[in-house]
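This report describes selected elements of a protein model. The sequence and structure are shown first.

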Amino acid sequence: MSRRTEKLINLDKQYLWHPFTQMKQWLASEQVVIESGQGFYLIDTEGNRYIDGVSSLWCNVHGHRVKKIDDAIKSQLDKISHSTLLGLAQTKSIELAEKLIAIAPKNLKKVFYSDSGATSVEIALKIAYQYYRNKEQKRDKFIALRQSYHGDTIGSVSVGGIELFHSIFKPMLFDVFFAPTPFPYRFNGTAEQCKQFSLDKIEELLKENPENIAAVIVEPLVQGAAGIIVHPKDFLKGVRRLTKKYGVLLIADEVATGFGRTGKMFACENEQVEPDIMCLAKGITGGYLPLAATLTTQEIFDAFLGEPAEFKTFYHGHTYTGNALACAAAIASLELFEENKIIELLPAKINLIAEYLKKISLLDFIGDVRQCGLMAGVEIVKDKKTKKPFDYEKMIGAKVCAAMRPKGALMRPLSDVIVLMPPVAIDSDTLQKLLDIVYDTIKNDLPKIVK
Ligand SMILES: *Cc1c(COP(=O)(O)O)cnc(C)c1O
């Protein structure tokens with residue numbers, strides 16, 4: 001290792017506190033310092049190249065240093081980087097909003113910007129709540145799915161259900177009704193029964209609380225952070241039917257699933273569902289800059305119209321709302337979707353992943369493989385028959401991913417689920433290389449790691 005890298009690592013350990021990271025372990029271990037990127041590769045300070053196997057935490061779409069996005073940001077930089085949307089309009093935020101509404105489910109008509117997935121969810125929850133207040137109804141409860149993940153701010157954690165991340169904060173959270181996750185692998189019955197079990201519970205909650213539920217919030221099709229849990233077919237459609245039947249809003253958190261991840265531009269399209277509110281972030285700028293958007297229907301927007309003294313205004317905003325550089329990157333990214341036929345080229349890559357998953361599922365210690373488009377999870381278990389997991393302290397998933405690094409892939413697991421989340425525009429050759437590394441590591445390294 002060069003002296004420069006050594007020095008950087010020491011400074012990192014001296015000054016930084018990393019997210020979702022046990023810092024005691026971090027401080028005691030070797031680290032990779034990324035200095036640049038090129039296409040679908042990340043390059044460290046030693047010049048090592050790694051495939052960006054989880055899209056820099058699920059947000060990269062077209063790769064790194066994509067000329068068109070780079071140029072769009074540079075060109076915007078020569079005009080202005082940021083001006084506020086509070087009381088002022090701004091060119092790029094207007095252009096992007098028009099483009100988002102053009103590709104979103106048809107009923108969505110308005111764009112409220114913010115800067116992260118968590119804020120897009122906070123905004124969705126507050127809009128749903130105030131929508132009913134403005135209509136003189138006090139609906140202050142939400143229904144969410146167990147094991148869901150909607151971000152790390154207090155509101156989004158309140159509707160989240162991942163014990164490992166969220167349980168410590170319980171006393172700080174507001175009350176939410178939880179329905180069971182439709183997770184076929186851990187359900188005793190068929191996928192259809194699994195779907196119905198969860199839908200029945202949601203219906204029960206809606207029936208028992210006819211006057212105080214504002215919205216049902218779901219990650220459409222895939223619960224990403226829970227371990228790439230893929231819902232049974234038509235579950236989302238079922239939730240949409242129930243929310244319509246009981247007159248409550250449906251919030252679709254497309255932060256992870258949006259922008260091509262599931263094989264369509266948005267996951268909701270797969271089941272022809274039009275949510276009342278949709279949350280977008282991660283891939284919105286192609287993975288370049290922090291930006292998020294909460295989309296709503298005209299009806300919701302209209303409920304906030306009134307004279308100042310009627311107090312129907314939505315008093316919410318963030319300083320960097322609608323940042324011009326981020327919007328310029330997002331516009332370029334959306335143009336690339338068309339120019340490069342990103343969605344049209346997905347089926348071949350989705351099939352390639354499916355082929356590998358089939359082979360991987362036959363290997364020792366692999367309990368389940370799950371896939372929805374370019375989101376895939378490989379669940380490692382101690383016992384294939386009983387589905388019993390390894391002890392958490394063994395950190396099997398983390399060790400498997402660490403074994404992929406010297407082979408040229410940077411991956412990050414969710415507990416013992418190996419997550420495959422390559423950039424949406426990845427070329428088939430690089431994807432195959434990544435899949436070969438994953439297969440090889442699970443076949444040859446995993447048996448040694450679990451010993
Ligand atoms: C990542 C994620 C979020 C949070 O987004 P941040 O930008 O990290 O705040 C919210 N919802 C889902 C479904 C996510 O996967």
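The sections below treat two sheets, one helix and one loop residue.

## Basis of the model

The model is predicted: local features need pLDDT of at least 70, side-chain atom pairs count only at pLDDT 80 or more, and totals for chains, interfaces and linings use all residues. Residues are numbered from 1 along each chain as its sequence is written, and side-chain values use heavy atoms, with hydrogens and water left out.

## The seven-stranded sheet

An open sheet of 7 strands follows the order β4-β12-β11-β10-β7-β5-β6, with mixed pairing. Strands are DSSP runs of E with at least two residues, helices are runs of H or I with at least four, and both are numbered from the N terminus; two strands pair if DSSP finds at least two bridges between them. Because β4 (108-114) and β6 (177-179) stand at the edges with a single partner strand each, one side of each has no neighbour in the sheet. On average, neighbouring strands of this sheet are turned by 20 degrees against each other, direction ignored.

Within this order, β10 (residues 249-253) and β11 (residues 277-280) run parallel and are joined by 3 bridges. Alanine 252 lies opposite methionine 278 in β11.

## The four-stranded sheet and helix α15

A further open sheet has 4 strands in the order β1-β2-β3-β15, again with mixed pairing. Its edges are β1 (34-38) and β15 (409-410); each has a single partner strand, so one side of each is left without a neighbour in the sheet. Strands β2 (residues 41-44) and β3 (residues 49-52) pair in the antiparallel sense over 3 bridges, and isoleucine 43 stands opposite arginine 49 in β3.

Helix α15 (residues 428-449) packs on this sheet, touching β2, β3 and β15, and its direction makes about 100 degrees with that of β3. Contact here means heavy atoms within 4.5 Å; axes are lines fitted to C-alpha atoms, for helices over the stretch in contact, and angles run from 0 to 180 degrees between N-to-C directions. The buried residues of α15 (under 20% relative accessible area, 1.4 Å probe, protein chains only) include Leu431, Leu434, Leu435, Val438 and Ile442.

## Arginine 186

Arginine 186 is located in the loop between β6 and α9 (191-208). The residue is partly exposed, with a relative accessible area of 39%, a class that lies between buried and exposed (over 50%). Not counting residues up to four places away in sequence, arginine 186 touches Glu379, Val381 and Lys387.

Arginine 186 and lysine 387 are 201 residues apart in sequence, yet 8.2 Å apart in space, C-alpha to C-alpha. The side chain of arginine 186 reaches the backbone oxygen of lysine 387 at 2.8 Å.

Definitions and conventions. A polar contact is a pair of N or O atoms within 3.5 Å; within protein, one must be able to donate a hydrogen and the other to accept it, and residues adjacent in sequence count only if both atoms are side-chain atoms.
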